[in-house]
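Student: Could you take me slowly through one part of this structure, and then show me how the parts around it are arranged? I would like the reasoning spelled out wherever there is some.

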Amino acid sequence: MLGLKLLTDPRWADIAESNLEEILTDHAWCEQKAATNAINLIADNCEHIDLVQELTIIALEEMQHFQQVVDIIKERGYTLGRGRKDDYVGQLMKFCKRDGSRNTSFIERLLFAAMIEARSCERFRVLSLNIKDAALAKFYHDLMVSEAGHYTTFLNFARKYTIDVDVDKRWKEWLAFEGELIQTFGKKEAIHG
């Protein structure tokens, strides 16, 4: 369904599980950044009331996920570390086209968001199927379902609001780029790492 070109090696879950405090901290900040991204899309494209309504729901869900992860961190006696740079997201941001119309920029932001949600969904699936901690496995299964919904929302809005972008063609380019990019990740305790 996601169309990703390269799936995560299930052994990445072992890396994540070897340092739960780190993966949970990274995950918490990923959720906060996802909420911020949705809010920024709302602020920049408020003329589309259906997008405003749907992305408000997503922003709230992402902050709920942030709170859930923070609660898990607290329950387990861990410390929420500081936010950190996400090199994967940074590379995706560089892939965004910036030399077109306002609509092109809008569609690129939606595809950027869809790509992150797709990979997060896939990573949560890997965690849900491969970590030994039953409570976290269930938690990540539930988040996987949520992220899949977010992915389709962003992609559907890109298709709905395009004026000058062939969204399906551009999405294939995003998938190809991400398939190459992700080969250098999956080696550390980070959702996209």
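**A close look at helix H3 and its surroundings**

Tutor: Let us begin with Ile49, a residue that is found in helix H3, and keep in mind throughout that this is a predicted model. Ile49 counts as exposed because its relative accessible area is 56%, and the cut-off for exposed is over 50%. Along the sequence Ile49 and Glu31 are 18 residues apart, while in space their C-alpha atoms are 24 Å apart.

The helix itself covers residues 49-75, which makes 27 residues, and from its first C-alpha to its last it reaches 39 Å, close to the 39 Å expected at 1.5 Å a residue. Although Ile49 is exposed, H3 also has a set of buried residues, namely Leu51, Val52, Leu55, Ile58, Ala59, Glu62, His65, Phe66, Val69, Ile72 and Ile73. To read such a list, it helps to know that an α-helix has 3.6 residues a turn, so residues three or four places apart point the same way. The buried residues of H3 pack against three other helices, which are H2 (20-44), H5 and H6.

Beyond the end of H3 comes Gly77, whose phi is positive, near 80°. Arg82 then lies in the loop between H3 and helix H4 (87-95). Arg82 counts as exposed because its relative accessibility is 74%. Even so, once its neighbours within four places in sequence are left aside, Arg82 is in contact with Thr25 and Trp29. Arg82 and Ala16 are 66 residues apart along the chain, and their C-alpha atoms are separated by 18 Å.

Two of the helices that H3 packs against, H5 and H6, are also joined by aromatic rings. The structure has 9 aromatic pairs, and one of them is formed by Phe106 and Tyr161, whose rings are 6.1 Å apart centre to centre with 40° between the planes, a tilted arrangement. This pair links distant parts of the chain, since Phe106 belongs to helix H5 (residues 102-130) and Tyr161 to helix H6 (residues 134-161), 55 residues apart. Phe106 is buried, with a relative accessible area of 5%, and Tyr161 counts as buried at 14% relative accessibility. The rings of Tyr151 and Trp171 have centres 6.1 Å apart and planes at 45°, so they too make a tilted pair. Here the link runs from Tyr151 in helix H6 to Trp171 in helix H7 (residues 167-181), 20 residues apart, and both Tyr151 and Trp171 are buried. Elsewhere, ring pairs join Phe95, Trp174 and Phe177 into a cluster. A ring can also have a charge beside it: the charged end of Arg123 sits over the ring of Trp12, 4.6 Å from its centre.

Finally, consider the cysteines, for the structure holds 0 disulfides. The sulfur of Cys30 has its closest cysteine sulfur in Cys121, and because the two are 14 Å apart they are too far for a bond; a disulfide would need the sulfur atoms within 2.5 Å. Both residues are nevertheless buried, Cys30 with a relative accessible area of 15% and Cys121 with one of 6%.

Terms used
Residues numbered from 1 in each chain as written. Predicted model: local features only at pLDDT ≥ 70, side-chain atom pairs only at ≥ 80, totals over all residues. Heavy atoms only, no water. Buried < 20%, exposed > 50% of the residue type's maximum accessible area, 1.4 Å probe, protein only. Phe/Tyr/Trp six-rings, centres within 6.5 Å; stacked < 30°, edge-to-face > 60°. Helix = DSSP H or I, 4+ residues; strand = E, 2+ residues; numbered from the N terminus. Lys NZ or Arg CZ within 6 Å of the ring centre and 35° of its normal. Expected span 1.5 Å × (residues − 1). Contact = heavy atoms within 4.5 Å.
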